Amino acid sequence: MIVVMQHGALSDQVNEVIKKLEKNEFTTHLSEGIERTIIGVIGDKTKVPSLALEAMPGVEKVVAIVQPFKLVSRQFRPGDTVIDINGVKIGGNNLQVIAGPCAVESREQLLEAADIVKAKGATILRGGAFKPRTSPYAFQGLDEEGLKILAEARDRTGMPIATEVVDPRHVDLVSEYADILQIGARNMQNFLLLKEIGKTKKPVILKRGSSATIEEWLMAAEYILSEGNYSVILCERGIRTFETFTRNTLDLSAVPIVKHLSHLPIIVDPSHGTGKNYLVAPMAKAAIAAGADGLMIEVHPRPSEAMCDGPQSLDEATFGALMESIKPWK
Ligand code: PEP
Ligand code: MN
């Protein structure tokens, strides 16, 4: 449930409500909007009537959140969440482009890719150092060496870096280097990983599992928020359907649905969403039209030589053309 405070309620009144709730073993999450303050409350709701919260000074009303996700819901926070990553804002009226190779393959490859995406207008650099591959025999990433290369690319270009964490035991290590932690589709319901990342203050990109419903995806985000980390960016990256022509079916209706249900920003990854380079630009534009807060695009200096996901990676020219075509929205 949420406790909606009156317009202009005093901070002492807010604190009194929180004190009473916490004394009764409720967990509280404060959301201070421009218009009013809302207290998200998690706990045994049968106890609520006896607390007489609505009679407390400064309280306007107590409202049940009907959806299973609470902190993630728009009811809890009516305004859009805007996440600031070293000055790069995701959410609200901003459109950010996260770009880079699927995997960090070498220092030369990553720095070359970073220079390309920076020159064409990307605002955040991506690259996997720990790769969750379908085959145990495929390239698994450069591990910490890859993180060091990403950090060098950040120093060189000024772009914040986003990289995937695949194991709860790696959260501290990856956090030392990364500005944004990515949770991949395969790990969307790795609840230990979600909880561990929820304990950090790092912005998180939470990709949709390839067979996750929107509700399951938002519940995964709820795990992160419930641990105290509110900086979650949802990423639609395609789901598995009967269609096999594309690698996945990019569910762009998820964008307005998530915006309706949640205050969290949502970005779209048309690279994994389609698996084919010529589909990336049209679906990127469609994502913007649907209201996405950003794009995640795989870019490789020479896609034909990529160690993973070459067929869906753009090169300098095609990425440049895409960036040019979306300029009016940037
Ligand atoms: C990735 O972004 O490199 C990746 C592995 O994507 P996904 O988890 O969406 O498959
Ligand atoms: Mn990839």
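Let me begin at the ligand, where a polar side-chain atom of Lys-207 lies 2.8 Å from an oxygen atom of ligand 1. With that pair in view, I would add that the protein covers 97% of the 300 Å² of accessible area that ligand 1 has on its own. Before going further, I should say that what we are looking at is a predicted model, and that every value I quote is computed from it.

Staying with the ligand for a moment, two other side chains deserve to be named alongside Lys-207. A polar side-chain atom of Lys-131 is placed 2.9 Å from an oxygen atom of ligand 1, and a side-chain N or O atom of Gln-182 is likewise 2.9 Å from an oxygen atom of the ligand. These residues belong to a shell that also takes in Arg-126, Glu-164, Gly-184, Ala-185, Arg-186, Arg-237, His-272 and Glu-298. If we sort that shell by class, we find 7 charged residues, 3 polar ones and 1 nonpolar one.

From the shell, I would like to follow one residue outwards, namely His-272, which is among the residues surrounding ligand 1. The side chain of His-272 makes a polar contact, at 3.3 Å, with the side chain of Gln-312. Gln-312 in turn has a polar contact of 2.7 Å with the side chain of Arg-247, so that if you have the structure open, Gln-312 can be selected together with both of these partners. As for its setting, Gln-312 sits in the loop between β14, which spans 294–298, and α11. Is Gln-312 buried or exposed? It counts as buried, because its relative accessibility is 2% and the cut-off for burial is under 20%.

That loop between β14 and α11 holds another residue I want to point out, which is Asp-309. Asp-309 has a positive phi of about 60 degrees, although it is not a glycine. With a relative accessible area of 17%, Asp-309 is also classed as buried, since the limit is under 20%. Cys-308 is buried as well, at 4% relative accessibility.

On the other side of β14, in the loop that joins α10 (277–290) to that strand, we come to Asp-293. Its side chain and that of Lys-259 are joined by a polar contact of 2.7 Å, and Asp-293 is buried, with a relative accessible area of 2%.

A second backbone case of the kind seen at Asp-309 is Ala-52, whose phi is near 50 degrees, a positive value in a residue other than glycine. Ala-52 lies in the loop between α2 (48–51) and β4 (59–63), and with a relative accessible area of 38% it is partly exposed.

Turning to cysteines, how many disulfides does a search of the whole structure find? The search finds 0. Cys-235, for instance, is in no disulfide, and the nearest cysteine sulfur, which is that of Cys-102, is 13 Å away. Cys-235 is buried, at 0% relative accessibility.

Two pairs are worth viewing for their separation in sequence and in space. Ala-317, found in helix α11 (residues 316–325), is 197 residues from Lys-120 in sequence, while their C-alpha atoms are 9.4 Å apart. Ala-317 itself is exposed, with a relative accessible area of 56%. The other pair is Leu-30 and Phe-76, which are 46 residues apart along the chain and 9.3 Å apart from C-alpha to C-alpha. Leu-30 is part of strand β2 (residues 27–32), and at a relative accessible area of 35% it is partly exposed.

Let me finish with the protein as a whole. Its secondary structure comes to 11 helices and 14 strands, and of its 330 residues, 54% count as buried. The C-alpha atoms fill a box of roughly 65 × 40 × 40 Å, taken along the principal axes. Why does the radius of gyration agree with that of a compact globule? For 330 residues, such a globule would have a radius of gyration near 20 Å, and the protein has 21 Å, which is therefore in agreement.

Technical notes
Residues are numbered from 1 along each chain as its sequence is written. Chains are lettered from A and ligands numbered from 1 in the order in which they are written. This is a predicted model: local features need pLDDT of at least 70, side-chain atom pairs count only at pLDDT 80 or more; totals for chains, interfaces and linings use all residues. Side-chain values use heavy atoms; hydrogens and water are left out. A residue is near a molecule or strand if one of its heavy atoms lies within 4 Å of it. A polar contact is a pair of N or O atoms within 3.5 Å; within protein, one must be able to donate a hydrogen and the other to accept it, and residues adjacent in sequence count only if both atoms are side-chain atoms. Accessible areas come from the Shrake-Rupley method with a 1.4 Å probe; for residues, only the protein chains shown count as cover. Ala, Val, Leu, Ile, Met, Phe, Trp, Tyr, Cys and Pro count as nonpolar, Asp, Glu, Lys and Arg as charged, and the others, Gly among them, as polar. A disulfide is a pair of cysteine sulfur atoms within 2.5 Å. Buried means under 20% relative accessible area, exposed over 50%, partly exposed in between (1.4 Å probe, protein chains only). Helices (H or I, at least four residues) and strands (E, at least two) are DSSP runs, numbered from the N terminus. The radius of gyration is taken over C-alpha atoms; the globule rule is 2.2 Å times the number of residues to the power 0.38.
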